[in-house]
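Subject: Handing over the structure

Hi,

Here is the structure I wanted to pass on to you, with my notes on what turned up in it. Could you have a look at it before you read on?

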Amino acid sequence: MPKQEKEQQMIFGIRAVQEAIAAGKEIEKVMIKKGLQGTLFQSFLDLVREHNVPFQFVPIEKLNRVTRQNHQGVIAMISPVAYQDVEQVIPMLFDEGKDPFVLVLDHITDVRNFGAIARTAECAGVDAIIIPDTGAAAVTSDAIKTSAGALHTIPVCRVRSLISTVEFLQGSGLKVVAATEKGAIDYDKANYRGPIALVMGAEDRGVNPKILAAAEIKSKIPILGEIESLNVSVAAGILMYEIVKVR
């Protein structure tokens, strides 16, 4: 992507980012120079926290690598999509007479995997994708390109705590299915009828142990070769279409 296009997706400076947050712009994350102080900075940080905007403190060198513009120690990345509220999406799906089928991505970090999963999810009729607000691949232009535009079509819900969100989904009547090589049942023998939340784990660690323990179904895909696991986007595609077949 040309450098100019990248910089069009950023906002620089405390006051400019404050105005963007106050105006309701979707902020992917804010990078803040380590050591910033003062009254203006403190009010800025309070606003960021109040609006649950993901942020991180970084060395000045990282900010300078991102842009040569006068960033004044603060850079905000603008999200190319509007995130949805999962606590509004799920009741709406029930109101529409659907059995919700949502996909929970537990800290998928590779943007190409994320985009590929989103593309398959849209084709499989998944109603929403749920991602954590930190520690995972974000909805960037690269992710959208890899998804073939699916991330502009399927609702994406960004949440602070996946564990709390899974509890909310279960409380709303969704059955949680966790993909794991340690699963108790082969993927093609599980009961996927009714409202479903499919959880796919991180490339390196898999599904969070707390989420795995809470899942009603732990599905495994048999591995017949010497490599221990499938690529997560491939595994997600297999499971999503098995759920489609059963439903």
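One convention first: helices and strands are DSSP runs, numbered from the N terminus, with H or I over at least four residues for a helix and E over at least two for a strand. Please also keep in mind that this is a predicted model.

With that numbering, helix 8 is a good place to start. Right after helix 8 comes Gly173, which has a positive phi, near 100°. Within the helix, which spans residues 162-171, the buried positions are Leu162, Thr165, Val166 and Leu169. Looking down the axis, the buried residues of helix 8 fall within an arc of 100°, so they line one face of the helix. Glu167 and Gly171, on the other side, are exposed.

Next, the sheet. The model has an open sheet of seven strands, in the order 7-6-5-10-8-11-9, and the pairing is parallel. Strand 7 (156-159) and strand 9 are its edges, each pairing on one side only. Strand 5 and strand 10 run parallel and are joined by six bridges; one example is Phe101, whose bridge partner in strand 10 is Ile196. Helix 10 packs on this sheet, where it touches strand 5, strand 8, strand 10 and strand 11 (217-220), and its direction makes about 165° with that of strand 10. Helix 5 (residues 86-95) lies across strand 5, strand 6 and strand 7, at about 140° to strand 7.

Which residues touch the most other members of the largest nonpolar core? They are Leu103, Met200 and Met240, out of 37 residues in that core. Several elements supply at least two residues each, including strand 5 (101-106), helix 6 (111-123) and strand 10 (196-201). Helix 10 gives the most, with seven residues. Apart from this core lies another one of 22 residues, among them Ile90, Val159, Leu174 and Val207. As for Leu103, its contacts beyond four places in sequence include Ile117, Ala121, Ile130, Leu198, Met200 and Met240.

Pro195 may also interest you. This proline sits in the loop between strand 9 (185-186) and strand 10. Is Pro195 buried or exposed? Its relative accessible area is 16%, and buried means under 20%, so Pro195 is buried. Leaving out residues up to four places away, Pro195 touches Phe94, Asp99, Pro100, Gly173, Leu174, Lys175 and Arg247. Gln170 is 25 residues from Pro195 along the chain, and their C-alpha atoms are separated by 9.6 Å.

Last come the aromatics. The structure holds two aromatic pairs. In one, the rings of Phe41 and Phe57 have centres 6.5 Å apart and planes at 65°, so the pair is edge-to-face. That pair links helix 3 (residues 39-50), home of Phe41, with strand 3 (residues 55-58), home of Phe57, and the two residues are 16 residues apart. The rings of Phe55 and Phe57 form the other pair, also edge-to-face because their planes are at 85°, with the centres 5.8 Å apart. Phe41, Phe55 and Phe57 thus form one aromatic cluster. Within this cluster, Phe41 is buried at 7% relative accessible area, whereas Phe57 counts as partly exposed at 36% and Phe55 as partly exposed at 28%.

Happy to talk any of this through.

Best wishes

Definitions and conventions: Residues are numbered from 1 along each chain as its sequence is written. This is a predicted model: local features need pLDDT of at least 70, side-chain atom pairs count only at pLDDT 80 or more; totals for chains, interfaces and linings use all residues. Side-chain values use heavy atoms; hydrogens and water are left out. Buried means under 20% relative accessible area, exposed over 50%, partly exposed in between (1.4 Å probe, protein chains only). The arc is that of the directions from the helix axis to the C-beta atoms. A nonpolar core is a set of buried Ala, Val, Leu, Ile, Met, Phe, Trp, Tyr and Cys residues joined through side-chain atoms within 4.5 Å. Contact means heavy atoms within 4.5 Å. Two strands pair if DSSP finds at least two bridges between them. Axes are lines fitted to C-alpha atoms, for helices over the stretch in contact, and angles run from 0 to 180 degrees between N-to-C directions. Rings of Phe, Tyr and Trp (its six-membered ring) pair if their centres lie within 6.5 Å; planes under 30 degrees apart count as stacked, over 60 as edge-to-face and the rest as tilted.
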